[in-house]
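Here's a quick tour of one model, taken from its domain layout down to a single strand. Have the viewer open as you read.

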Amino acid sequence: MKYSEEEFARLKEMRDRLVSACKFCGGSGVDRRNEEDCRCMVAFDWLRELTHANIPREYWALSLEEIETDAAAKRLVATYIENMRNALDQGLGMVLLGPLGVGKTSLMCAVGKEALLRGVPAYYTTTQALLDSLKPGADEEHGAAARAKAARVVLLDELDKVYLKAGSDWARGRIEELLRGGIPHHTAFLIGTNLEEEGIAESFGASVASLVRGHLKMVNLSGADRRDGMQRDWLARLKTGGSLARLARNKVIAADARRFQLWGKR
Ligand SMILES: [Zn+2]
């Protein structure tokens, strides 16, 4: 089965809340007014894709234009997205370097969403979740490692010192396996890390270090913590709620959902 039981339950609840409760189609997915696919179903299909790709919900409605981050890094990501086909053909990716809160995850998720919109399987995971999924007793079929292996755009976040320092041979070995298994086979990695540029490639064994240097562009993000905005908006978000129905009507999500629908019909 494509989904784990937990994901399946989450998706069923999402469908119940978005589609079953819809006044335009009464849960059928066909808009009674025009006999076309109801927008609730179009939105659900897209949100289901984002869920399967494990893109964190807080990034679903965030477009690249809206991301407040280092301007040069943002331009580079925009160029990367325009040339995604070439990037995939060659296994070209990026390492986004910078302290917490500068926009690394936002940029990674923007690339992931654009991949999904082009029908390219993408998967987001933190390094910790990836390693946890490789421990004995974990759900192998639906775990992060299996999903990352099946994806062509892998968003590997929080690759921090603890996993690459001397002595963490097991962790480093698993990360190396993922990179070695992916990059030569036209998988693009977008890595988010608070490590310094020198620390990244050097932390890996020689063959992986050369793979990383040869395929992943090191992009330094500068700037202050941009999450202060979240701190200010917390109360507004608490009061307005983040309901699925509201999310499905969000302009960015609705536009992406239509693009995704059109891609599916090609
Ligand atoms: Zn509907």
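What follows covers the domains, the nonpolar core and one strand of this predicted model.

Let's begin with the layout. The chain splits into domain 1 (5-52 + 243-265) and domain 2 (69-220). Their centres, taken over C-alpha atoms, sit 29 Å apart. Contact between the two involves five residues of domain 1 and five residues of domain 2. On the domain 1 side, helix α14 (residues 251-265) supplies the largest share, four residues. That side is made up of two nonpolar and three charged residues, with no polar ones.

Now for the core. The largest nonpolar core counts 65 residues, and Ala 43, Leu 96, Val 111, Leu 155, Phe 189 and Leu 190 have the most contacts inside it. Helix α2 (residues 39-52) is the top contributor, with eight residues. Because domain 1 and domain 2 both give residues to this core, it lies between them.

Leu 155 is worth a click. Beyond its neighbours within four places in sequence, Leu 155 touches Met 108, Cys 109, Gly 112, Ala 122, Tyr 123, Tyr 124 and Leu 190.

Leu 155 also belongs to strand β3 (residues 153-157), where five of five residues are buried. Val 153, Leu 155 and Asp 157 point one way from β3, while Val 154 and Leu 156 point the other way. Here is how β3 pairs:

| Partner of β3 | Sense | Bridges | Opposite residues |
|---|---|---|---|
| β2 (residues 122-126) | parallel | five bridges | Thr 125 and Leu 156 |
| β4 (residues 188-193) | parallel | four bridges | Ile 191 and Leu 156 |

Definitions and conventions. Residues numbered from 1 in each chain as written. Predicted model: local features only at pLDDT ≥ 70, side-chain atom pairs only at ≥ 80, totals over all residues. Core = buried A, V, L, I, M, F, W, Y, C linked by C-beta atoms within 7 Å. Buried ≥ 20, exposed ≤ 12 C-beta atoms within 10 Å, placed from the backbone. Helix = DSSP H or I, 4+ residues; strand = E, 2+ residues; numbered from the N terminus. Domains from an automatic or database assignment. Contact = placed C-beta atoms within 7 Å. Nonpolar A, V, L, I, M, F, W, Y, C, P; charged D, E, K, R; others polar. Pairing = 2+ DSSP bridges.
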